[in-house]
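Here is a short note to go with your first look at this structure. Please keep the 3D view open and follow the points in order.

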Amino acid sequence: MMRLDGGPWPDVNAAAIFLRGLVAGEAPPLSPTIDRQQLAAWVEARDLGPLTFARYGASEPALAVRLQGDYYRAAAENELLLSLLTEVLPALTAANIPVVVLKGAALASSVYADPALRPMSDVDLWVRAADMPHAAGVMGQLGFQAYLNQQRPLAWQMLNRGEIQFLRPGWQNGLVELHWSPFEGDWLRRTAAVDDEGVWARRQLLSVGGQATSQLSGEDMALHLALHLALGPKFGRPALRALVDLGMLARRGVDWSLVWQRARAWRVETVLWLVLRLARALVGVPDEELGRQGGGECRHRWLQTTVSPQSVLAGQELRGQWRGYWLLFGLVDRPQDRARLFWRTLWPERPWLDARYGPRASRLRHFWQAVRFGEL
């Protein structure tokens, strides 16, 4: 029988039954032929250890023993990060800076019954562009220091609506990121039409540690998860956790007709189609609209070959590979946007060059790095 990534599953159907059980909270019985040690290593590598421990702790003692350390480690790390959040939020509120909590902190606090079930590595906050300088000053007053990556200069982050990372000196796990937008990056800026103002207006109440703040609406969060999965890890190893997040969010209630409506308006329909196709196959996200999407065109058939349930289960990595770059072109909805993305990837705009490399940077320098090193 075929094994996926050295994992315990004989086929996709067996893995899907397990993943759907994690999402639904039903914990279907595991086959005696599944190696518990292999399963534990597999779920730990995909940040699903705590959730598996919670679902199978009572029925699978051998598996529980192997995963309990992962659960308690996630509980401690999440508690630390959420304590940082409850420190940062009042300071920003006092400075009249509204924020939206994103990603893991929002999911752990609203979608999962126990925050420890959704491992986090940092805290992500959306701050509007006009408030960003003031917010950075508040972070400094709280003892945080900005970390600026030379490969991702501040001017380039601003242009692409990225983030500023803040670290508290001496802390091993205390990263807070302030984002200009939940929907960031060259791909979206050059090919899509995201309505940030509409997303901000639709934000919903979130309580963290007894403090009132806000998060994305369920429909906007679904789009955020889909776009981050496709454009960030490019359906690599973090993909399963993101699909489980999507499944957990769907159980809370999502109006998929609104999600598709926004995806069409934003020109990200292909991304949503591919992500929900995987989610339906692996975690059971119900979406009647999905059956009417995709058509039979060659590009969509190629996308299904490049990214499949099998490749996601195996943890296929496309980041830093030419196939990953071609995937990004294949995900663009309109041919004219695909052509623009291809051209500007090789021959960027002057503001992009100045932000990335410094004033009066040569386009030939970027072209040479793109061709020789694949730095796209």
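The points below go from the whole chain to particular side chains.

1. A word on the source: this is a predicted model. The protein chain has 19 helices and seven strands. Its radius of gyration is 21 Å, close to the 21 Å that the globule rule gives for 376 residues, so the chain is as compact as a globular protein of that length. Along the principal axes, the C-alpha trace spans about 65 × 50 × 40 Å.

2. Next, the inside and the outside. Of the 376 residues in the protein chain, 53% are buried. The chain exposes about 16,400 Å², and carbon and sulfur atoms supply 54% of that area. Sequence-distant contacts are well represented: among contacts between residues at least 6 apart in sequence, 70% join residues at least 24 apart.

3. Now for the aromatic side chains. A search of the whole structure finds 14 aromatic pairs. One of them joins Trp126 and Trp200, whose ring centres are 4.9 Å apart with planes at 90°, so this pair is edge-to-face. Trp126 belongs to strand β2 (residues 123–127) and Trp200 to helix α9 (residues 196–201), so the pair ties together parts that are 74 residues apart in sequence. Are these two rings buried or exposed? Trp126 counts as buried at 3% relative accessibility, and Trp200 is buried too, at 6%. Elsewhere, Trp9, Phe18, Trp42 and Tyr56 form one aromatic cluster.

4. Helix α9 also takes part in charged pairs, as Glu197 and Asp196 show. Side chains of opposite charge can pair when their charged atoms come close. The structure holds 20 salt bridges. In one of these, the side chains of Arg128 and Glu197 meet at 2.5 Å, N to O. Arg128 sits in the loop between β2 and α6 (132–141), while Glu197 is in helix α9, 69 residues apart. Arg128 is partly exposed, at 28% relative accessibility, whereas Glu197 is exposed, at 53%.

5. Which residue forms a salt bridge with Asp196? The partner is Arg161, with the closest N and O atoms 2.7 Å apart. This pair links helix α9, which holds Asp196, to the loop between α7 and β4, where Arg161 lies, 35 residues apart. Asp196 has a relative accessible area of 15%, under the 20% limit, so it counts as buried. Arg161 is partly exposed, at 24% relative accessibility.

6. Another salt bridge joins Arg152 and Glu163, with 3.6 Å between the closest N and O atoms. Arg152 is in the loop between β3 (145–147) and α7 (154–159), and Glu163 is in strand β4 (residues 163–167), 11 residues apart. Here Arg152 is partly exposed, at 32% relative accessibility, and Glu163 is buried, at 10%. It is also worth finding Asp186, Arg189, Arg190 and Glu349, which are linked in a network of salt bridges.

7. Last, please look at the surface. Trp302, Trp322, Trp326 and Phe342 form a nonpolar patch there, with about 460 Å² of accessible area together. Within this group, Trp322 is placed in helix α16 (residues 322–330). Trp322 has a relative accessible area of 45%, which makes this residue partly exposed.

How values were computed:
Residues are numbered from 1 along each chain as its sequence is written. This is a predicted model: local features need pLDDT of at least 70, side-chain atom pairs count only at pLDDT 80 or more; totals for chains, interfaces and linings use all residues. Side-chain values use heavy atoms; hydrogens and water are left out. Patches are made of residues with over 30% relative accessible area and no salt bridge: like charges are joined within 9 Å, nonpolar side chains (Val, Leu, Ile, Met, Phe, Trp, Tyr) within 5 Å. Accessible areas come from the Shrake-Rupley method with a 1.4 Å probe; for residues, only the protein chains shown count as cover. A salt bridge is a side-chain nitrogen of Lys or Arg within 4 Å of a carboxyl oxygen of Asp or Glu. Helices (H or I, at least four residues) and strands (E, at least two) are DSSP runs, numbered from the N terminus. Buried means under 20% relative accessible area, exposed over 50%, partly exposed in between (1.4 Å probe, protein chains only). Rings of Phe, Tyr and Trp (its six-membered ring) pair if their centres lie within 6.5 Å; planes under 30 degrees apart count as stacked, over 60 as edge-to-face and the rest as tilted. The radius of gyration is taken over C-alpha atoms; the globule rule is 2.2 Å times the number of residues to the power 0.38. Contact means heavy atoms within 4.5 Å.
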